[in-house]
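Thanks for making the time this morning. I would like to walk through one model with you, beginning with its aromatic side chains and then turning to its pockets.

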Amino acid sequence: MTDQQTWVPGAAGSLYDVDNLPYAVVTTGEAPARLGVRIGDLVLDLGAAARDLRPEWAGLLDVAALNPLLAAGPATWAEVRSWVGDLLTDPAHRDRVTLLPLADVACRLPFEVADYVDYYASEHHATNVGRIFRPDGEALLPNWKHLPVGYHGRAGSIVVSGTAIHRPAGQRKAPDDAAPAYGPSRRLDIEAELGFVVGRGVPLGTRVATAEFADTVFGVAGVNDWSARDIQAWEYVPLGPNLAKSFATSISAWVTPLAALEPARVPLPGQDVPVLPYLQEDGPAGYDIEVEVELNGTVVARPPYRTMYWSPAQMLAHLTVNGASLRVGDLYASGTISGPEREQRGSFLELSWGGREPFVAGGEERTFLEDGDEVVLRYTAPGARGRIGLGEVRGRILPTV
């Protein structure tokens, strides 16, 4: 990325300076959806720029999803990013590009999601959940420090930030109930996560090494994997989550390229059990990303991604070690991000310790989500010129339909 300052008014020194440049799919009025890049509080119309200045890239950029750019590969990712940086720093381009006010654009789901895998990569989260549900047993199950535990989610239920979420209904059974009952979830929860967007197809029978992470993953997106804890508690034994998760997963409209996150690379906090060779990696494997969890305008938690036990490269390698394929547009998520302190817990299950220890938001004691609640997750990280913003994940709870 260029060391030059941007000519865009108000963008220099912001969370969306030229060291960031996240992508989204935007619409304005009746115009077709196309790619945009955020710079400050404006959006570069990337589709129009491609049509006018780089017509050979129109098929990648003047389109309604990131998938063609994802499929173009790392060399093209870098070339497009460099070109966008030049457009926004060279004053000669000031009158050659279109900048749209952020408030005037609507954002769509940024890419067509092929498959979705959700992991369970935070030791603090997994330990908290184990202590809540198994107070007399081991918090972590025997496999947890040997492999990144995960499950396959429902790609068709992934929605863009701002989409309202209807409270799910399903079977619930409290420990003292004689039989299950059907009805709306009474313990609806959030999970503050980070998602990784795959830009490389890999055929069946091919394994992806941890060293291939940066050539395989295009970028990151914020994720809120909404969870119905009462439905989950009844259904998940022995095969894991199903309906408790599949009703909705929200992702940010903006996808931040991995290249913007290079200054945020940090070592993992430490894996105290030796991992098998396919999970080993060299160099800093984690990211110093801060998450802010807001409930109805009150910040209730600040989970730090740097505390995660398993790295995104390890999750990717484990996903394919059995020969499973990858498709362009695959999404895999970290699982709930939680740190060692109470105010760093990324789910209301943990913040309220299973509903037994309410937390305070807006002057009220709270446990799980109520109809009308709005949750916003915001993400920031160190960038080349200061902190950068990774967008937000916003969702409001509506009653069961």
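Trp83 has a relative accessible area of 11%, and because the limit for buried is under 20%, this residue counts as buried. Please keep in mind throughout that we are looking at a predicted model. Trp57 is buried as well, at a relative accessibility of 7%. These two tryptophans form an aromatic pair, with 5.4 Å from centre to centre and 70° between the planes, an arrangement that is edge-to-face. As for where they sit, Trp57 belongs to the loop between α1 (46-53) and α2 (58-61), while Trp83 is part of helix α4 (residues 74-89), so the pair ties together parts that are 26 residues apart in sequence. Trp83 has a further partner, in that the charged end of Arg54 sits over its ring, 6.0 Å from the ring centre.

How many aromatic pairs are there by this rule? The count comes to 10, and I would like to pick out one more of them. The ring centres of Phe196 and Phe213 lie 6.3 Å apart with the planes at 65°, and since planes over 60 degrees apart count as edge-to-face, that is how this pair is classed. Phe196 is in strand β13 (residues 192-198) and Phe213 in helix α6 (residues 213-216), so that the pair, as a link between distant parts of the chain, joins positions 17 residues apart. Both Phe196 and Phe213 are buried. They also belong to one aromatic cluster, whose members are Tyr119, Phe196, Phe213, Tyr305 and Tyr332. A charge over a ring is found at Tyr16 too, where the charged end of Arg38 sits 3.7 Å from the ring centre.

Let me turn to the pockets. The largest pocket has a volume of about 840 Å³. It is lined by 33 residues, of which Tyr120, Val149, Gln232, Tyr236 and Pro241 are the closest to its centre. Which elements give two or more residues to this lining? They are β6 (116-119), α5 (123-133), β7 (150-152) and α7 (229-235), and α5 gives the most, with five residues. By residue class, the lining of the largest pocket divides into 18 nonpolar, nine polar and six charged residues.

The second largest pocket has a volume of about 480 Å³. Among its 16 lining residues, those closest to the centre are Lys173, Ala174, Pro175, Asp230 and Ala233. Here the elements that give two or more residues are α5 and α7, and the largest share, four residues, comes from α7. The lining of this second largest pocket divides into seven nonpolar residues, one polar and eight charged.

I will finish with Leu243, which lies in helix α8 (residues 243-246). Is Leu243 buried, exposed or partly exposed? Its relative accessibility is 48%, and because partly exposed covers the range between the 20% and 50% limits, Leu243 falls in that class. If we leave aside its neighbours within four places in sequence, Leu243 is in contact with Ile231 and Glu235. Between Leu243 and Ile231 there are 7.3 Å in space, C-alpha to C-alpha, although the two are 12 residues apart in sequence.

Conventions:
Residues are numbered from 1 along each chain as its sequence is written. This is a predicted model: local features need pLDDT of at least 70, side-chain atom pairs count only at pLDDT 80 or more; totals for chains, interfaces and linings use all residues. Side-chain values use heavy atoms; hydrogens and water are left out. On a 1 Å grid over the protein atoms alone, a cavity is a set of points where a 1.4 Å probe fits but cannot get out, and a pocket is an open set with protein on both sides within 12 Å along at least five of seven lines; lining residues have an atom within 4 Å of a point. Grid points are joined across faces, edges and corners, and a volume is the space filled by probe spheres set on the points. Ala, Val, Leu, Ile, Met, Phe, Trp, Tyr, Cys and Pro count as nonpolar, Asp, Glu, Lys and Arg as charged, and the others, Gly among them, as polar. Rings of Phe, Tyr and Trp (its six-membered ring) pair if their centres lie within 6.5 Å; planes under 30 degrees apart count as stacked, over 60 as edge-to-face and the rest as tilted. Buried means under 20% relative accessible area, exposed over 50%, partly exposed in between (1.4 Å probe, protein chains only). A charge sits over a ring if NZ of Lys or CZ of Arg is within 6 Å of the ring centre and within 35 degrees of the ring normal. Contact means heavy atoms within 4.5 Å.
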